[in-house]
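Morning, everyone. Please have the sequence and the model open while I talk. I'll go through it piece by piece.

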Amino acid sequence: ESAYCDSLQRAFIADSVVSFAKTFLGLPYHYGACDPKTGFDCSHFVSYCYGRLGVKLPVSSLALSQEGSRIDLANAKKGDLLFFKGRNISNPKVGHVALVIGSEPGHLYIIHSTHRGVVIDDYYKMDYYKARFIEARRIAY
(Lines give C-alpha, C1' and ligand atoms only; values in the text may rest on other atoms or scores of the structure.)
Protein backbone atom coordinates (compact mmCIF):
# COMPACT_ATOMS: atom_id res chain seq x y z
CA GLU A 1 0.00 0.00 0.00
CA SER A 2 2.83 2.41 0.79
CA ALA A 3 4.42 1.99 -2.65
CA TYR A 4 1.01 2.55 -4.24
CA CYS A 5 0.53 5.77 -2.24
CA ASP A 6 4.05 6.90 -3.13
CA SER A 7 3.38 6.36 -6.85
CA LEU A 8 0.07 8.24 -6.60
CA GLN A 9 1.77 11.14 -4.84
CA ARG A 10 4.55 11.12 -7.44
CA ALA A 11 2.01 11.17 -10.29
CA PHE A 12 0.10 14.02 -8.62
CA ILE A 13 3.25 16.12 -8.22
CA ALA A 14 4.37 15.40 -11.80
CA ASP A 15 0.93 16.32 -13.19
CA SER A 16 0.84 19.46 -11.07
CA VAL A 17 4.33 20.65 -11.96
CA VAL A 18 3.62 20.13 -15.68
CA SER A 19 0.28 21.97 -15.49
CA PHE A 20 1.93 24.84 -13.64
CA ALA A 21 4.88 24.96 -16.08
CA LYS A 22 2.49 25.22 -19.03
CA THR A 23 1.02 28.44 -17.60
CA PHE A 24 4.31 30.13 -18.56
CA LEU A 25 4.27 29.19 -22.26
CA GLY A 26 5.49 32.14 -24.32
CA LEU A 27 7.18 33.91 -21.40
CA PRO A 28 10.54 35.32 -22.55
CA TYR A 29 13.92 33.82 -21.70
CA HIS A 30 16.04 35.86 -19.26
CA TYR A 31 19.47 34.60 -18.28
CA GLY A 32 19.84 34.27 -14.51
CA ALA A 33 16.25 35.36 -13.95
CA CYS A 34 13.49 33.83 -11.88
CA ASP A 35 10.49 36.08 -12.38
CA PRO A 36 7.11 34.65 -13.38
CA LYS A 37 6.13 38.02 -14.83
CA THR A 38 9.23 38.84 -16.90
CA GLY A 39 10.95 35.51 -17.57
CA PHE A 40 13.22 32.68 -16.52
CA ASP A 41 16.36 30.96 -17.60
CA CYS A 42 16.12 27.17 -18.00
CA SER A 43 17.21 26.11 -14.52
CA HIS A 44 15.32 28.81 -12.63
CA PHE A 45 12.20 27.78 -14.59
CA VAL A 46 12.46 24.12 -13.49
CA SER A 47 13.35 25.03 -9.91
CA TYR A 48 10.51 27.57 -9.67
CA CYS A 49 7.88 25.16 -11.01
CA TYR A 50 8.89 22.39 -8.60
CA GLY A 51 9.29 24.87 -5.74
CA ARG A 52 5.66 25.92 -6.10
CA LEU A 53 4.78 22.33 -5.13
CA GLY A 54 7.12 22.30 -2.14
CA VAL A 55 9.95 20.42 -3.89
CA LYS A 56 13.11 22.43 -3.17
CA LEU A 57 15.67 22.23 -5.96
CA PRO A 58 18.86 24.15 -6.74
CA VAL A 59 18.74 26.90 -9.35
CA SER A 60 21.66 26.00 -11.60
CA SER A 61 21.58 23.38 -14.35
CA LEU A 62 24.79 21.82 -13.06
CA ALA A 63 23.46 21.55 -9.48
CA LEU A 64 20.13 20.20 -10.75
CA SER A 65 22.05 17.49 -12.62
CA GLN A 66 23.23 16.14 -9.26
CA GLU A 67 19.66 15.69 -7.95
CA GLY A 68 17.72 12.43 -7.95
CA SER A 69 18.94 9.46 -9.92
CA ARG A 70 20.07 8.88 -13.48
CA ILE A 71 17.54 7.03 -15.65
CA ASP A 72 17.55 5.65 -19.15
CA LEU A 73 16.17 8.14 -21.69
CA ALA A 74 13.75 5.44 -22.91
CA ASN A 75 12.22 5.38 -19.39
CA ALA A 76 11.82 9.16 -19.08
CA LYS A 77 8.33 10.20 -18.06
CA LYS A 78 6.37 13.22 -16.92
CA GLY A 79 8.27 15.13 -14.24
CA ASP A 80 11.73 13.86 -15.16
CA LEU A 81 14.52 16.20 -16.22
CA LEU A 82 16.72 16.10 -19.31
CA PHE A 83 20.17 17.67 -19.27
CA PHE A 84 22.10 19.02 -22.23
CA LYS A 85 25.36 20.66 -23.16
CA GLY A 86 25.06 24.40 -23.74
CA ARG A 87 25.53 26.28 -27.00
CA ASN A 88 29.19 25.25 -27.21
CA ILE A 89 28.78 21.56 -28.06
CA SER A 90 32.47 20.87 -27.41
CA ASN A 91 32.06 21.85 -23.74
CA PRO A 92 30.99 18.65 -21.93
CA LYS A 93 29.43 20.46 -18.94
CA VAL A 94 25.69 20.69 -18.35
CA GLY A 95 24.37 23.92 -19.82
CA HIS A 96 20.63 23.38 -20.20
CA VAL A 97 17.76 21.56 -18.49
CA ALA A 98 14.24 20.68 -19.66
CA LEU A 99 11.21 19.16 -17.94
CA VAL A 100 9.57 16.10 -19.47
CA ILE A 101 5.82 16.67 -19.84
CA GLY A 102 4.81 13.44 -21.53
CA SER A 103 5.65 10.75 -24.02
CA GLU A 104 4.15 8.40 -26.55
CA PRO A 105 5.87 6.02 -28.96
CA GLY A 106 8.43 8.01 -30.95
CA HIS A 107 7.81 11.23 -29.02
CA LEU A 108 9.19 12.76 -25.84
CA TYR A 109 7.64 16.12 -25.04
CA ILE A 110 9.58 18.67 -22.99
CA ILE A 111 8.91 22.17 -21.71
CA HIS A 112 11.84 24.49 -21.16
CA SER A 113 12.93 28.11 -21.19
CA THR A 114 15.01 28.68 -24.33
CA HIS A 115 16.08 31.66 -26.42
CA ARG A 116 12.58 31.21 -27.96
CA GLY A 117 11.03 31.68 -24.49
CA VAL A 118 9.14 28.98 -22.60
CA VAL A 119 8.19 26.43 -25.25
CA ILE A 120 7.14 22.81 -25.68
CA ASP A 121 9.28 20.70 -27.99
CA ASP A 122 9.38 17.08 -29.08
CA TYR A 123 12.90 16.03 -28.09
CA TYR A 124 13.13 13.40 -30.84
CA LYS A 125 12.45 16.05 -33.51
CA MET A 126 15.07 18.48 -32.18
CA ASP A 127 18.48 17.69 -33.69
CA TYR A 128 20.02 20.59 -31.74
CA TYR A 129 19.09 18.99 -28.41
CA LYS A 130 19.65 15.38 -29.48
CA ALA A 131 23.25 16.29 -30.34
CA ARG A 132 23.72 17.91 -26.91
CA PHE A 133 21.93 15.35 -24.71
CA ILE A 134 23.87 14.33 -21.59
CA GLU A 135 21.45 12.45 -19.33
CA ALA A 136 17.93 12.04 -17.95
CA ARG A 137 17.28 12.17 -14.20
CA ARG A 138 14.37 11.40 -11.91
CA ILE A 139 14.05 13.85 -9.06
CA ALA A 140 13.51 12.44 -5.57
CA TYR A 141 10.37 13.74 -3.84
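Start with Y123. Is it buried or exposed? Its relative accessibility is 4%, so Y123 counts as buried, because the cut-off for that word is under 20%. Keep in mind throughout that this is a predicted model.

Y123 has a ring partner, F84. F84 is buried too, with a relative accessible area of 0%. A quick general point on rings. A pair of aromatic rings is described by the distance of the centres and the angle of the planes. How many aromatic pairs does the count give here? It comes to 14. For F84 and Y123, the ring centres are 6.1 Å apart and the planes meet at 40°. Why is this pair called tilted? Stacked needs planes under 30 degrees apart, and edge-to-face needs over 60. An angle of 40° fits neither, so the pair is tilted.

Now look at where the two partners sit. F84 is in strand β4, residues 81–85. Y123 is in the loop between β7 (117–122) and α4 (127–132). They are 39 residues apart, so this pair links distant parts of the chain. The rings do not stop there. F84, Y123, Y124, Y128, Y129 and F133 are linked into a cluster by ring pairs.

Stay with Y128 for a moment. Which residue puts its charged end over that ring? R132 does, 3.8 Å from the ring centre. There is another such case at Y141. R10 lies over the face of that ring, at 4.1 Å from its centre.

Next, salt bridges. The search of the whole structure finds 6. Take R138 and D80. Their side chains meet at 2.7 Å, N to O. R138 is in strand β8, residues 133–138. D80 is in the loop between β3 (69–71) and β4. That puts them 58 residues apart, and the pair links distant parts of the chain. D80 has 0% relative accessibility, so it counts as buried.

Now R116 and D121. Here the closest N and O atoms are 2.6 Å apart. R116 is partly exposed, at 39% relative accessibility. D121 is buried, at 8%.

Another pair sits within a helix. The salt bridge between D127 and K130 has an N to O distance of 3.5 Å. How far apart along helix α4 are they? They are 3 residues apart, which means about one helical turn separates them. In general, an α-helix has 3.6 residues a turn, so residues three or four places apart point the same way. D127 counts as exposed, at 57% relative accessibility. K130 counts as partly exposed, at 35%. One more item on this topic: R70, E135 and R137 are joined into one network by salt bridges that share partners.

On to empty space. Rolling a probe the size of a water molecule over the atoms shows where empty space is left. The largest pocket has a volume of about 520 Å³. How many residues line it? The lining has 25 residues, and Y29, C42, G86, G95 and H96 lie nearest the centre. Several elements give two or more residues to that lining: α2 (42–51), α3 (61–64), β4, β5 (94–104), β6 (107–114) and α4. By class, the lining has 10 nonpolar, 10 polar and 5 charged residues.

One of those elements is helix α2. Is α2 largely enclosed or open? Of its 10 residues, 8 are buried, so α2 is largely enclosed by the rest of the structure. Among the buried ones are C42, H44, F45 and Y50.

Last, two single residues to find on your screens. L53 is in the loop between α2 and α3. L53 is partly exposed, with a relative accessible area of 29%. In sequence, L53 and F20 are 33 residues apart. In space, their C-alpha atoms are 9.3 Å apart.

Then Q9. Where is it? Q9 is in helix α1, residues 2–22. At 46% relative accessibility, Q9 counts as partly exposed. Compare its place with that of H96, which is 87 residues away along the chain. The C-alpha atoms of Q9 and H96 are separated by 27 Å. H96 also brings us back to the pocket, where it is one of the residues nearest the centre.

Technical notes:
Residues numbered from 1 in each chain as written. Predicted model: local features only at pLDDT ≥ 70, side-chain atom pairs only at ≥ 80, totals over all residues. Heavy atoms only, no water. Phe/Tyr/Trp six-rings, centres within 6.5 Å; stacked < 30°, edge-to-face > 60°. Helix = DSSP H or I, 4+ residues; strand = E, 2+ residues; numbered from the N terminus. Buried < 20%, exposed > 50% of the residue type's maximum accessible area, 1.4 Å probe, protein only. Lys NZ or Arg CZ within 6 Å of the ring centre and 35° of its normal. 1 Å grid on protein atoms, 1.4 Å probe; cavity = no way out; pocket = protein on both sides within 12 Å on 5 of 7 lines; lining within 4 Å. Points joined across faces, edges and corners; volume = space filled by probe spheres on them. Nonpolar A, V, L, I, M, F, W, Y, C, P; charged D, E, K, R; others polar. Salt bridge = Lys/Arg side-chain N within 4 Å of Asp/Glu carboxyl O.
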